Amino acid sequence: MAGFILKRLLQAIFVVLAVTLIVSFAIRISGDPAMMIMGGGNVSEQDLRNIRQALGLERPFFAQYLGFLRGILTGDFGRSFMGGAPVSGLIAQALPATLLLAFASLLTSIVLSVPLGIYAAVKRGRWPDQLIRILSLVGLSFPNFWLAIMMVLLFSIVLGLLPPSGMEGLESFVMPALTMAIILTATNVRLVRTSMLETLSQQYIMVARSKGLRDRVVLYKHALRNSAIPLVTYIGLQFGTLIGGIVIVERVFNWPGMGTLAFDAISNRDYPVLQGAITVLALFIVAINLLVDIAYGLIDPRIRTE
Amino acid sequence: MAAAQAAPPSRRFFHSFELVLGLLLTGGMGLAVLFSGYLFPDGGESMDLMARLLPPFQSPAHLFGTDPLGRDVLARVIVGGKISLTVGIVSVMGAVVIGTLVGLVAGYYRGVAEIVLMRFADIQLALPFILIAIMFLAILGTGVDKVIFFMIVAQWVQYARLVRGSVLALREREFILSARAIGVGSGRIIFTHILPNVLGPIVILMTLNVANNILLESSLTFLGLGVDPLIPSWGGMLADGRTYLQSAWWVSVFPGLAIMFTVLGLNLLGDWLRDYLDPTGQSST
């Protein structure tokens, strides 16, 4: 077990090193961001030097990178070019909105996909199963931001039921969370179905049936519980896709999260904020994947020898 | 399993349904885009200033309506498909060539290079690609070529892993061993005996990746990080249309439908191919 955790941990460390290296490299090849940020206007040499220093560009690449890593460990991502606020503070403000949305989408998706997936598995190969299969293919076929726009069109403009943007009150969660939930459900329904089919073919299910237990008891008490562990893992491993999607969808709903922070930083050429936002999101994804992996390994010993 | 052999009638019906609908959607969009130069010689650029913001289905000249500049939405949807399909196909071609070559070599010759490559692949697959692409495109500047480049860099690993896995399973099979025993050269074994046997899974992955990359391109362009906003493209039209969603819903609806039908067509074909090439369903999720 210790070997398994160590192996996964080592891999995660390499992934973190790769992400941070790529982010530093991106800043490095930006040419001279100092000149670009100032737009070539009348700036003093001193201003340019300050910006280069803030990004660590006056040092060799390796020193710049080490400085960046040290910053991550101490939670210091430098200061925003716009107003000079510490980047870590801006991230601390934006991160909860993104994580709340992620949580709400995931929860909604589980509520939708578990019953649908079970139903498809029970009706395997028959009409309901095929219909759910086609619907899930449709769900995988449109861009998340378009679904978001269509939701605004329907619920805000045509029906006037929900606020088109912002994060105020519970009803502002409905459209953003539902958008991501629908996208996630398209994948999750298939995972639930496959996982249930696998469990239903096990011998203990046959034993339960032959004991004369009712279908509902077999399904929910015996099959679903045993499918739950791999399911939670698969769904947990989708966290990266979820965050990537939320970052885009935030743009449509003006959601005050990490995506909005990053894209505002892009239009302002506020590189310290962009660098910080991307790095923190990436670290979050790696950490969640690692935790899910290890938890799965702890619960199901067969995984460790894979 | 008995259940898999005796497919119920609904199963067979859906199987053909997937193929027919997939071909219709993908083929229809492909042909429309291919002949867009003849269908819309103006490239969707001409402005009918007397018919600005015309709702759809009211004038035969502008079936899908017009945008605030009086440009025909239907023409721009068809012409815009050129960008999406080009990005989808070129990026997948690039990734499949590089990935397949690397996978064949790694799987056939093994050794240290293979170990390094596979560790590298593990790490790369764990990277949050969309975030990295956003960062690079924001800094380096945008453009079709850069979008395609990032897709190739991000995806060749998938093919390398897939091919290597198949090669490992194949290389100890009798027909490969006997070919080697009678003195067939490595290059010939790889390309005439191994490659044809791994084509199936490659084609499935390619179909699904063209679909994914069309979605990805439209997202990046929508965010202002992909294709030049002056070129008609689905993502660009949606970014435009969003600002006047209230007054002209059709400008946002039709490009999205075009993306959906194209990608759905490809996904249906991918699904059908998976069933066709792997009827036992071992590789399906």
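This report covers the fold of chain A, its contact with chain B, the nonpolar core and a few loop residues, all in a predicted model.

## Chain A overall

Chain A has 13 helices and zero strands. Its pattern along the sequence is α-α-α-α-α-α-α-α-α-α-α-α-α. Along the principal axes, the C-alpha atoms of chain A fill a box of roughly 85 × 55 × 30 Å.

Of the 306 residues in chain A, 39% are buried. Take the contacts in chain A between residues at least 6 apart in sequence: 71% of them join residues at least 24 apart.

## Where chain A touches chain B

The contact involves 43 residues of chain A and 37 residues of chain B. On the chain A side, seven helices are listed below; each supplies at least two residues.

- Helix 1 (2-28)
- Helix 6 (127-139) and helix 7 (144-158)
- Helix 8 (171-200)
- Helix 11 (239-253), helix 12 (258-267) and helix 13 (271-299)

Helix 1 of chain A gives the most to this side, with eight residues. By class, the side of chain A that touches chain B has 31 nonpolar residues, nine polar and three charged.

## The largest nonpolar core

The largest nonpolar core has 151 residues. Residues of both chains appear among those with the most contacts inside it: A:Ala262, A:Leu274, A:Ala277 and B:Met135. Helix 4 of chain B (residues 73-109) gives the most to this core, with 16 residues.

A:Ala262 deserves a separate look. Setting aside neighbours within four places in sequence, A:Ala262 is in contact with A:Val247, A:Leu274, A:Ala277 and A:Ile278. A:Ala262 is also in contact with B:Ile134, in the other chain.

## Helix 12 against helix 13

Helix 12 and helix 13 of chain A pack at an angle of about 150 degrees, with their axes 8 Å apart. Angles over 145 degrees count as roughly antiparallel, so helix 12 of chain A is roughly antiparallel to helix 13 of chain A. The crossing of these two helices is left-handed.

Helix 12 of chain A brings A:Met258, A:Leu261, A:Ala262, A:Ala265 and A:Ile266 to the contact. Helix 13 of chain A answers with A:Val273, A:Leu274, A:Ala277, A:Ile278 and A:Leu281. By class, the contact has ten nonpolar residues, no polar and no charged.

## Loops on either side of helix 12

A:Asn254 sits in the loop between helix 11 and helix 12 of chain A. A:Asn254 is not a glycine, yet its phi is positive, about 50 degrees. A:Asn254 has 14 C-beta neighbours inside 10 Å, so it counts as partly exposed.

A:Arg269 lies in the loop between helix 12 and helix 13 of chain A. Its phi is near 50 degrees, a positive value in a residue other than glycine. A:Arg269 has 18 other C-beta atoms within 10 Å. A residue needs 20 or more to be buried, so A:Arg269 is partly exposed.

## A glycine in chain B

B:Gly143 is placed in the loop between helix 6 (129-140) and helix 7 (144-170) of chain B. With 14 C-beta neighbours inside 10 Å, B:Gly143 is partly exposed. From B:Gly143 to B:Leu69 is 74 residues in sequence and 24 Å in space, C-alpha to C-alpha.

Conventions. Residues numbered from 1 in each chain as written. Chains lettered and ligands numbered in written order. Predicted model: local features only at pLDDT ≥ 70, side-chain atom pairs only at ≥ 80, totals over all residues. Contact = placed C-beta atoms within 7 Å. Helix = DSSP H or I, 4+ residues; strand = E, 2+ residues; numbered from the N terminus. Nonpolar A, V, L, I, M, F, W, Y, C, P; charged D, E, K, R; others polar. Core = buried A, V, L, I, M, F, W, Y, C linked by C-beta atoms within 7 Å. Buried ≥ 20, exposed ≤ 12 C-beta atoms within 10 Å, placed from the backbone. Axes fitted to C-alpha atoms, helices over the stretch in contact; angles between N-to-C directions. Parallel < 35°, antiparallel > 145°, perpendicular 65-115°, else oblique. Left-handed = near helix turned anticlockwise from the far one by under 90°.
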